[in-house]
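Colleague: I have a structure open and want to learn how to read it. Can you take me through some features?

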Amino acid sequence: MLYIDKDLASIQEIRNLLLNAQTAFAQLQKLTQADLNKYSEALIQKLQQDGENGIKEFVAKNQYAKEEDELFLCQEFLKRFEETIQQEIYTGMIGGSSQDKVIEIGVPLGIVAVLLPAYPTYTLLVNLLLLALKSGNSMVLVANKLAKPSTMEAINQLIDFLTELGYPEGALSLAELTNDAGISELLLSDKLSLLINIGCPEYITKEFRTNTPLIYGGESSGPVFIERTADLEKAVKDVIHSRSFDNGILPGSEQFLVTETVIADRIKWLMEANGGYILTEEDTEKLVAFLKTSEKNVITNYNGQSANWLAKMAGFTVPEDTQVLVSVQEYMNDEDFFNKKLLCPIIVLYREPDWTLACVKCMNILSELRMGHTLTIHSSDWKIIKEFAMVKAVGRIVVNAPTACTAIGVKSSFSPSLILGGITTGRGYRSENITPRHLTYTRQVGFE
């Protein structure tokens, strides 16, 4: 029997991919923005015309998320990307003139490595490849240790399509033999120009040091505040729609709902009337017990599963039309299992006497749980909205809208991106939605 050292295999794979990416980058530097645009446009058109089968296969094999939501998300993202980012110039001459005596040149960084989350959406994979294509960088995608084979299969299919079109071989690649030894090799490599970490905080520790600039893409959920002057029915419907969209795996979807005591009963009634199920104490005990067991099981993991599936697996019954499970809590507790990243349709409801204390509660959630890349507020009081906007340590604030598709720019004027900069979580150095601009630098040329 042949014994293979998994650490050595992972290290060698990383070394090979980085070397190939370095060679391919030399070829990419010869391409103009117009050349790069042909590849990104070809990928967009392929997915718009016949991407449905690939998405359906992705969801069916991965057994998480919702097929209809994944299809909607991908098509809407591609539409927004084509309308905005696809029209922009990121490499070559990007501004200025000899008359202005300043010329600006966009320059690709080189090799970009991406640490993928365990439960990516199909659109995130597409988003990353488009970032590489538009910016002219080589990109090494690193599969999560918990990633299913079907995720890697989907990535390889997209890369193969581009390679067949003539895109430099090795410019886009996937590391599949991922383990901690391989990650350490990657982080220490002097070939790497930029590291994008999407929802893998375990690799931002003393054990995994790197001198490479880091962009941290927040994967976890955030808080939402419903204030008494809001359109309460719309606010509740927005929260439930957003939290249940794609079964809660999109970044920023509302895991923590903070409201005022005076409207708390109305909020609870509206939630139950619109697909929310208020957990009893017994339900909560059963759900937590299941979640603790499920998080260690790849086959029955709770991430990306529906509210009905969660209830059934936990051993209690909910109405068939249930979209989210709601746990009413009096205060934050470090031992509360719900106070952690949950990529599934569970909402924790907190009640505070007034908006000022609700503001403090949101700040505590953002700082103590390090989930601070996005905050949502529902209110018609501009003074309160402004107060939240001025003092909350977040990269983006969503006002009176469902967070999931708004924060990522699919249904808003934010830049279309599923990579939400997470500097306000204490990680990385960017706060905004990540676009090809963040994968380039500007070289200025000045004249006397």
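Modeller: We will go through helices, backbone angles, buried residues and open spaces in turn. Keep in mind that this is a predicted model.

Colleague: Start with helices. What span should helix H12 have at 1.5 Å a residue, and what is the distance between its end C-alpha atoms?

Modeller: H12 covers residues 355-368, which is 14 residues. At 1.5 Å a residue the expected span is 20 Å, and the end C-alpha atoms are 20 Å apart, so the two agree.

Colleague: Which residues of H12 are buried?

Modeller: Start with the general idea. An α-helix has 3.6 residues a turn, so residues three or four places apart point the same way. Now the case here. The buried residues of H12 are Ala358, Cys359, Lys361, Cys362, Ile365 and Leu366. Looking down the axis of H12, these buried residues fall within an arc of 160 degrees, so they line one face of the helix.

Colleague: What do the buried residues of H12 pack against?

Modeller: Four strands and a helix. The strands are S8 (222-226), S9 (254-260), S12 (346-352) and S13 (374-378), and the helix is H13 (382-391).

Colleague: Now helix H5. How many of its residues are buried?

Modeller: In H5, 14 of the 14 residues are buried, so the rest of the structure largely encloses this helix. The span check works here too. H5 runs over residues 122-135, and its 14 residues should span 20 Å; the end C-alpha atoms are 21 Å apart, which agrees.

Colleague: What follows H5?

Modeller: Gly136 follows H5, and its phi is positive, near 75 degrees.

Colleague: How should I read a positive phi in general?

Modeller: Most residues other than glycine have a negative phi. A positive phi on another residue type is worth a look. Asp246 has one of about 55 degrees, though it is not a glycine. Asn400 has one of about 50 degrees, and it is not a glycine either.

Colleague: Where does Asp246 lie, and is Asp246 buried or exposed?

Modeller: Asp246 sits in the loop between helix H8 (232-244) and S9. Its relative accessibility is 0%, so Asp246 counts as buried.

Colleague: And where is Asn400 found?

Modeller: Asn400 is in the loop between S14 and helix H14 (403-407). At 32% relative accessibility, Asn400 counts as partly exposed.

Colleague: Let's turn to contacts. Where is Tyr39, and what does a residue like that touch?

Modeller: Look past sequence neighbours and see what comes together in space. Tyr39 belongs to helix H2 (residues 33-50). The cut-off for buried is under 20% relative accessible area. Tyr39 has 15% relative accessibility, so it counts as buried. Leaving aside neighbours within four places in sequence, Tyr39 contacts Leu31, Leu133, Leu162, Leu165, Gly166 and Tyr167.

Colleague: How many residues apart are Tyr39 and Tyr167 in sequence, and how many Å apart in space?

Modeller: They are 128 residues apart in sequence and 7.5 Å apart in space, C-alpha to C-alpha.

Colleague: Give me a strand residue to try.

Modeller: Take Arg396 in strand S14 (residues 396-399). Arg396 is buried, with a relative accessible area of 3%. Beyond four places in sequence, its contacts include His373, Thr374, Phe414, Glu432 and Asn433.

Colleague: One more strand residue, please.

Modeller: Leu194 lies in strand S6 (residues 194-198). It is buried, with a relative accessible area of 0%. Among its contacts beyond four places in sequence are Leu109, Ile111, Thr212, Tyr429 and His438.

Colleague: Last topic: empty space. How much lies in the largest pocket?

Modeller: A pocket is open, whereas a cavity is a space from which a probe cannot get out. The largest pocket holds about 430 Å³ of space. Its lining has 24 residues, with Ala118, Tyr119, Leu146, Glu202 and Lys341 nearest the centre. By class, that lining has 13 nonpolar, 5 polar and 6 charged residues.

Colleague: How many cavities of 30 Å³ or more are there?

Modeller: The count is 2. The second largest cavity holds about 60 Å³. Its lining is Gly54, Glu57, Phe58, Lys61, Ser150, Glu153, Ala154 and Gln157. Helix H3 (52-62) and helix H6 (149-164) are the elements that give two or more residues to this lining. By class, the lining has 2 nonpolar, 3 polar and 3 charged residues.

Conventions: Residues numbered from 1 in each chain as written. Predicted model: local features only at pLDDT ≥ 70, side-chain atom pairs only at ≥ 80, totals over all residues. Heavy atoms only, no water. 1 Å grid on protein atoms, 1.4 Å probe; cavity = no way out; pocket = protein on both sides within 12 Å on 5 of 7 lines; lining within 4 Å. Points joined across faces, edges and corners; volume = space filled by probe spheres on them. Nonpolar A, V, L, I, M, F, W, Y, C, P; charged D, E, K, R; others polar. Expected span 1.5 Å × (residues − 1). Buried < 20%, exposed > 50% of the residue type's maximum accessible area, 1.4 Å probe, protein only. Arc of directions from axis to C-beta. Contact = heavy atoms within 4.5 Å.
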